[in-house]
Amino acid sequence: MTKKENKKKPFTLFNNETGQSVELPVLMGTEGPDVLDIRNLYKDTGLFTYDPGYTSTASCNSAITFIDGNKGILHHRGYNIKDLANKSDFLEVCYLLLHGDLPSPEDKQKFENVIQRHTMVHEQLVNLYRGFRRDAHPMAIMVGVVGALSAFYHDSTDFSDINQRMIACHRLIAKIATIGAMAYKYSIGQPFVYPKNNLSYCENFLHMTFSVPTEDYIINPKISKAMDRFFILHADHEQNASTSTVRLAGSSGANPFACIAAGIASLWGPAHGGANEAVIKMLEEIGDISRIPEYINKAKDKNDDFRLMGFGHRVYKNYDPRADVMKITAHEVLKELNMEDDKLLKIAIELEKIALKDPYFIEKQLYPNVDFYSGIILKALGFPTSMFTVLFAIGRTVGWISQWKEMIEDPINKIGRPRQLYSGKKARQYEIVESREKKSIFQWLWKN
Ligand code: ACO
C-alpha cells in the first residue's frame, strides 16, 4: 500500500511574465517542515527545479529517522538518540531501525541469535583479501569485499522474496563487523580471527580485531560498552550522502550487497565519514594548545582551503546531539584507560571552547559534529586512523540496509533520475580531424 500522504492547502506558483499559475500540493509529515509536491511540475509547466546538493529537496518519504537540525534533535523511529545511546544496545537499535519498533524480550533474543549465526563469512573471501596489497586502505578493501558478497550469497539476492530480503539484511548487519575486523587484520599482517557465538556483537568485534592465536583478548565491559555506543550513534542519519547513494543505487534494482558497497564508497569522503580520520590528523598537526588560534584563523580565511574538521553540518545548526554523547564517552574511555592526560583530548576541548565563542563560527552556526570526539575514543581503543571510517561503516550498515528495505517496500519507488540545468554547447556540426585546428587545446593533459 502507498504511504499515507496528508495534504494541506496547495501552494500557488505564479509566473508574472506569462500570467500562468500552478497549484502545488503541500504534504505534511508527522514532524518537520511541510514539503511542496512537485511531481507534476514538469508535466504542468515544462519547468524543472534546480537544487544542487539537494539543500531543499526531499528525495523520499521515510519513517525511520527524524532530525531537527535547529534544535539539535535526532530521533530513530520516534526514540531520542540520547535515550538509545544510554539505555539500549546496538543490536536492539538495529532491530528498531529495521522493523520500526523495539523488540519484545522474545524477539530481541531471536534477533540476536540470527545475527550471531550470520557472523562467519564464506571461507573463499579470504582469497579476495589476499589479492589486496598490504598497504591498501581498509576502506578500499571494504568497498571491494562488500561489493563481492553478491558473488558468494546467491540465495539472498532475489529481494522480491521477503525471506531473501531479510536474509540479506541480517547477513549484512552480521558480516560487516567480521569484514571490517578482517580488513584490519590483513593490513597489519596478522591472521584472521573467526567470530565466537558466545560473545555479544561488540565483544565479538573487539575479539576479532584485537585477539591473536597466541593470546586471548580480555574484554573490558566498559570498552565494549563504548564501542556499542559508537555504533548506536552512527546507526542512521536520514538522507545523508551515503544513504542517498544506497537508495539511488538500489532504485535501479541493484542487489543489496552492491548498494551497500556504493554507500561505503560515498562514506569514505573527508566531507562525510572520512572526517573522523581528518579530525585526528588535524589535532596532531595543531600539536599544542598554543597553536589553536593559528588554526582558527586558517579556518576563517577565505583564501585558505582549510576547514575545522569535525565542525559544521548540513543539517545541524546547533550542537549535534551525537557529539554530546561522544564527548562524555571520550572522557569515560580515557578515564578507564588511565589516559586522562591525553594531549589530543586537551587540544580538542580547548579548540571547541575557542571556536564556540568565535563570531565566525557563531554566525555560520558551526558546532562540533559526531566526528569531533569520536576519533579520540577510537584512537584510545587502539584503532589506527585508517580504521576510523571502517568503524563508521560498520555502525551505519544497519541504517543503509533499513533505508534500502524501506525503499524496496515502498510502492512509489521509482528509479532515481535527477534532471539538470544544461549549460554546455548548443548543437553543432561534427568536423573530421584533418579539418580541425592543428594546435593542441589540452596542453596540460600531456604534461601528466
Ligand atoms: N570550518 C570552517 N568553515 C566552515 C566549516 C568548517 N568546518 N564548515 C562550513 N564552513 C563555512 C563555509 O566556508 C561556508 O562559508 P561561506 O558561507 O562564507 O562560504 C559556510 O560555513 C557554509 O558551509 P557549506 O560548506 O556551504 O555548508 P554545507 O552544509 O555544504 O557543508 C559540511 C557541511 C560539509 C559538513 C561542512 O561543514 C564541512 O566541510 N565540515 C568539515 C568536515 C566535517 O566535519 N564533516 C563531517 C560531517 S558529519 C558526517 O558526515 C558524519
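An oxygen atom of the ligand lies 2.8 Å from an N or O atom in the side chain of R314, and this contact is a convenient place to enter the structure, which is a predicted model. R314 is also listed, together with R307, L308, G310 and K364, among the closest of the 20 residues that surround the ligand.

Two further contacts involve nitrogen atoms of the ligand. In one of them, a ligand nitrogen is 2.9 Å from an N or O atom in the side chain of Y360, while in the other a ligand nitrogen is found 3.2 Å from a polar atom that belongs to the backbone of A271. Considered alone, the ligand exposes 920 Å², and of that area the protein buries 74%. As for the character of the surroundings, the shell around the ligand is made up of ten nonpolar residues, with five polar and five charged residues completing the set.

Turning from the ligand to the strands, one meets an open sheet in which three strands follow the order β1-β2-β3 and pair in the antiparallel sense. Its edges are formed by β1, which spans residues 6-14, and by β3, which spans residues 35-36, each of these strands pairing on one side only. Between β1 and β2, the latter covering residues 21-28, the antiparallel pairing extends over seven bridges. Which residue of β2 is the bridge partner of T12? That partner is E23, so named here as a single point at which the reader can follow the register of the two strands in the model.

Terms used
Residues are numbered from 1 along each chain as its sequence is written. This is a predicted model: local features need pLDDT of at least 70, side-chain atom pairs count only at pLDDT 80 or more; totals for chains, interfaces and linings use all residues. Side-chain values use heavy atoms; hydrogens and water are left out. Two strands pair if DSSP finds at least two bridges between them. Helices (H or I, at least four residues) and strands (E, at least two) are DSSP runs, numbered from the N terminus. A residue is near a molecule or strand if one of its heavy atoms lies within 4 Å of it. A polar contact is a pair of N or O atoms within 3.5 Å; within protein, one must be able to donate a hydrogen and the other to accept it, and residues adjacent in sequence count only if both atoms are side-chain atoms. Accessible areas come from the Shrake-Rupley method with a 1.4 Å probe; for residues, only the protein chains shown count as cover. Ala, Val, Leu, Ile, Met, Phe, Trp, Tyr, Cys and Pro count as nonpolar, Asp, Glu, Lys and Arg as charged, and the others, Gly among them, as polar.
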